[in-house]
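User: I'm new to this one and a bit lost. Could you take me through the metal and ligand sites in one go, starting from a strand that leads up to one of them?

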Amino acid sequence: MKAAVVNEFKAPLSVEERDIPEPDPGQVLVRLEACGLCHTDIHAAHGDWPVKPTPPFVPGHEGVGVVTAVGDGVTSRSVGQRVAIAWLGEACGHCDHCVSGWETLCEAQQNSGYSVDGGWAEYAVAAADYAVPVPDGVSSLDAAPLTCAGVTTYKAIKVAGISPAERVAVFGIGGLGHLAVQYARLVGAEVIAVDISDEKLELAAELGADHGVNAAEVDPVEAIADLGGADVAVALAVSPASFEQAFASLRRGGRLICVALPPETAGPMHIPIFDTVLKGISVIGSIVGTREDLAEVFRLHALGRTRVISETRRLGDVNDAVAEVLGGSVPARLVFDLT
Ligand code: NAD
Ligand code: ZN
Ligand code: ZN
């Protein structure tokens with residue numbers, strides 16, 4: 001099978017022939033049809049974060065395909081079923097986080113395309129119970145971005161606890177942001193889109209954003225203050241400075257939802273203690289979503305409530321695709337068509 005492999009951090013990926021893996025007990029083998037390119041895959045390939053994957057590895061955690069074989073003891077999934085392989089590759093199922101509905105915080109979790117090989121390949125193995133069924137009403141090309149960008153922003157909007165008519169500023173209208181705008185609209189919010197590109201702001205407007213702010217041209221903190229300030233700011237841009245702007249754009253009682261994960265070398269975000277205390281601000285970290293969150297994301301999409309904006313690329317063009325995302329020229333998400 002063909003797979004895109006990181007052999008060395010920051011070096012180009014190589015597209016290699018590998019043996020098709022065999023499912024261990026409890027695993028399924030999936031013939032992938034599509035897999036998205038999340039900015040996290042670029043952080044993985046660059047070794048950007050304090051906890052690093054070990055090369056060689058295959059990135060990809062927006063994998064969607066059909067089960068072609070099951071390992072011993074698998075009863076929850078069957079051959080022919082279409083499933084999604086998300087960042088939460090596997091969790092222990094027993095710890096306090098797992099049993100209280102917070103499996104995404106499990107200390108024993110495995111992450112697809114990071115600690116175990118992911119979906120930038122024609123086949124992948126996955127823990128059967130964590131491979132989330134994809135309903136018939138959702139195409140594989142749409143299901144792929146929903147599997148990380150969708151579930152992550154759906155969860156971010158959930159943990160923000162938004163009431164209808166609250167004002168939500170979404171900083172960064174990329175793969176994640178174009179879906180965040182739509183989930184914020186679904187809970188009734190007034191949505192402010194912030195990006196450094198007019199094309200992304202036009203896309204956000206098409207997807208229902210009420211206001212657009214180009215942070216390369218105006219100070220987004222002032223622009224959002226002129227609109228009355230934000231009750232919630234969702235930080236999705238790979239820039240600590242943008243997190244600080246998101247914090248500063250909040251009204252009293254506001255919530256900063258931290259989602260993007262800039263490289264360690266970009267440094268920390270600085271948060272003023274005085275404003276945090278006096279304004280009663282909450283700073284909340286949000287990491288992907290559970291299997292149930294993803295099932296809900298698929299259900300909403302099948303109902304026609306969300307739109308996925310993406311373009312396809314071939315796996316052989318993986319290095320060009322990464323350059324396109326870094327260059328900011330991509331309309332929301334790139335998806336590898338693996339059929
Ligand atoms: P992306 O590259 O598709 O989107 C980033 C967007 O931010 C682009 O539209 C870009 O134009 C915009 N941007 C860049 N600088 C900006 C600035 N200063 N102000 C406003 N906008 C700016 O990336 P993505 O795939 O959407 O991922 C975003 C981040 O989220 C990455 O760091 C990724 O690793 C992280 N992520 C986190 C989780 C999680 O669970 N917490 C899940 C997935 C991805
Ligand atoms: Zn656990
Ligand atoms: Zn991701």
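Analyst: Let's start at leucine 88, which sits in strand β6; helices (H or I, at least four residues) and strands (E, at least two) are DSSP runs, numbered from the N terminus. Before going on, note that this is a predicted model, in which local features need pLDDT of at least 70, side-chain atom pairs count only at pLDDT 80 or more, and totals for chains, interfaces and linings use all residues; side-chain values use heavy atoms, with hydrogens and water left out. Residues are numbered from 1 along each chain as its sequence is written, while chains are lettered from A and ligands numbered from 1 in the order in which they are written.

Back to leucine 88: it's buried, at 5% relative accessible area. (Buried is under 20%, exposed is over 50%, and partly exposed is in between, using a 1.4 Å probe and protein chains only.) Threonine 104 is 16 residues away from leucine 88 in sequence, yet their C-alpha atoms are 6.7 Å apart in space.

Now for the zinc ion called ligand 2. Its protein donors are the SG atoms of Cys92, Cys95, Cys98 and Cys106, at 2.3 to 2.4 Å. Donors here are N, O and S atoms within 2.8 Å of the metal (3.2 Å for Na, K and Ca), and since water is not among the atoms, sites may look incomplete. Along the chain, these donor residues are spaced C-x2-C-x2-C-x7-C. Cysteine 92 is in the loop between β6 (88-90) and α2 (96-99), and cysteine 106 is in the loop between α2 and β7 (110-111), so this pair ties together parts 14 residues apart in sequence. The two aren't equally covered: cysteine 92 is partly exposed at 28% relative accessible area, whereas cysteine 106 is buried at 3%.

The other zinc ion is ligand 3. Its protein donors are Cys38 (SG), His61 (NE2) and Cys148 (SG), lying 2.0 to 2.3 Å from the metal, and their spacing reads C-x22-H-x86-C. Cysteine 38, in the loop between β3 (27-37) and α1, and histidine 61, in the loop between α1 and β4 (63-70), link distant parts of the chain, 23 residues apart. Cysteine 38 is buried at 3%, and histidine 61 is buried as well, at 1%.

That same loop between α1 and β4 also holds proline 56, and the peptide bond from proline 55 to proline 56 is cis, with omega near -5 degrees.

Last stop, ligand 1. It has 28 residues around it, the closest being His39, Thr40, Asp195, Val288 and Arg333; a residue counts as near if one of its heavy atoms lies within 4 Å. The helices α1 (39-46), α3 (140-159) and α4 (175-186) each give at least two residues to this shell, and α1 has the largest share, with 3 residues. An oxygen atom of ligand 1 lies 2.7 Å from an N or O atom in the side chain of histidine 39. A nitrogen atom of ligand 1 is 2.9 Å from a polar backbone atom of valine 259, and a nitrogen atom of the ligand is also 2.9 Å from a polar backbone atom of serine 286.

Definitions and conventions. Polar contact = N/O pair within 3.5 Å; in protein donor to acceptor, adjacent residues only side chain to side chain.
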